[in-house]
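Biologist: I'm new to this one, so could you walk me through it? Let's have the structure up and go from there.

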Amino acid sequence: MKVDGKHFRSIWRERDGWSVGAIDQRRLPHEFIVAKLTSCEDAALAIRDMLVRGAPLIGATAAYGMALAMREDASDAGLKRAYDTLVVARPTAINLKWALDEMRASLAPIDALERAEAAYARADEIVEQDVEINRGIAGNGLKLIEAIVARKKPGETVNVLTHCNAGWLATVDWGTATAPIYLAHERGIKIHVWVDETRPRNQGASLTAWELGHHGVAHTVIPDNTGGHLMQHGMVDLAIVGTDRVAANGDVCNKIGTYLKALAAHDNNVPFYVALPSPTIDFAVDDGIRDIPIEQRSGTEVTDMTGRTADGRLETVRIVPEGSPVANYAFDVTPARLITGLITERGVLKPDRASLAAAFPERIAAAAE
Ligand SMILES: CSC[C@@H](O)[C@@H](O)C(=O)COP(=O)(O)O
């Protein structure tokens, strides 16, 4: 998508052909800085520190991390070491394991001398596949938006609520939740996005607002607790969120606070959609609430906030009394019964086992291996 009129992706192979460029998302919205990843450890750290984040981008970064590792040591032991280093970088987004399994499956059977080249080729494919999948989500989600337009008076705006950042910064390009929004915008549909700020790391306020603004999409940042009020007053036509892992039963794990938005949407008859690329489905997990691991992050994300001061300096301040304990659960699980539909590259599905299995039978086979 566009930044100041120029097209960007969140991650790419640099001109030298081997190092990897990625937008440092820890610095947005205040500074646009490109980081250079030159080793498997760089990639693992980038994921752990959330220089890159968002389920699909975590997967893409891990794929390149594996390629960087193969330049240094393409032996069987090197392959295993790279896999083991990267797979633990973050626990919740299943795209990480998916991408690493894909990489290992294509590299393990071939000669070590060929592995580095093959790893870059497979990582490039994973990256391109992400963009194609998101284009598919865009087209399928657009139909939902068009159906709302058809019910509105001419010229009325479609209001979408989203949580966290499931935008192009969380993927390679287009985003998942934002893909239908960007396509609707491109098609001239009047669309406006309510952007949940998404405490504690503020991915909505810092990242979603930044990318929508740079692409010219109308939006308003709201404190996390505002969505219910807006829904009660008819100010939200539909909610679209992303996800880090979808269980076989249709339960959806996403950024903390998603569940509360789904409850509010249910109570107010607001359609609540989840946009997901198929690598986010985990057929090995039967019950999302019971079995999806929920990342717990540092308490400093809750106690401290960073922002720009009036005189232009970036400063971190403490907002919680010294000594008060804090909890920082990064994700929650929304039960399938609260979800209107799953927007995938193969259509809008019911959030249940049968629909997921019918649309993605090859993923069930892979989970059984
Ligand atoms: C298309 S990204 C979907 C999710 O990964 C996104 O909504 C989210 O929860 C991101 O969490 P983050 O902790 O910023 O990696």
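Biologist: How many residues of domain 1 are in contact with domain 2, and how many of domain 2 are on the other side?

Modeller: Keep in mind that this is a predicted model. The domain assignment splits the chain into domain 1 (2-128) and domain 2 (136-368). Counting the contacts between them gives 26 residues of domain 1 and 28 residues of domain 2.

Biologist: Which element supplies the largest share of the side of domain 1 that touches domain 2?

Modeller: Three elements each give at least two residues to that side: β1 (2-3), α2 and α4 (95-107). By class, that side has 14 nonpolar, seven polar and five charged residues. The largest share is five residues, and they come from α2.

Biologist: Which elements give two or more residues to the shell around the ligand?

Modeller: The shell has 18 residues, and Arg53, Ala55, Ala170, Gly242 and Lys255 come nearest to the ligand. Both domains take part, with at least three residues drawn from each. The elements giving two or more are α2 (55-72) and β11 (252-255).

Biologist: UniProt has an "active site" feature at Asp244, in an unreviewed entry. Is Asp244 buried or exposed?

Modeller: Asp244 is in the loop between β9 (238-241) and β10 (245-247). Leaving out residues up to four places away in sequence, its contacts include Ala55, Cys253 and Phe331. A residue counts as buried with 20 or more other C-beta atoms within 10 Å. Asp244 has 33, so it is buried.

Technical notes: Residues numbered from 1 in each chain as written. Predicted model: local features only at pLDDT ≥ 70, side-chain atom pairs only at ≥ 80, totals over all residues. UniProt positions renumbered as here; feature names shortened; annotations may be inferred. Helix = DSSP H or I, 4+ residues; strand = E, 2+ residues; numbered from the N terminus. Buried ≥ 20, exposed ≤ 12 C-beta atoms within 10 Å, placed from the backbone. Contact = placed C-beta atoms within 7 Å. Near = placed C-beta within 6 Å. Domains from an automatic or database assignment. Nonpolar A, V, L, I, M, F, W, Y, C, P; charged D, E, K, R; others polar.
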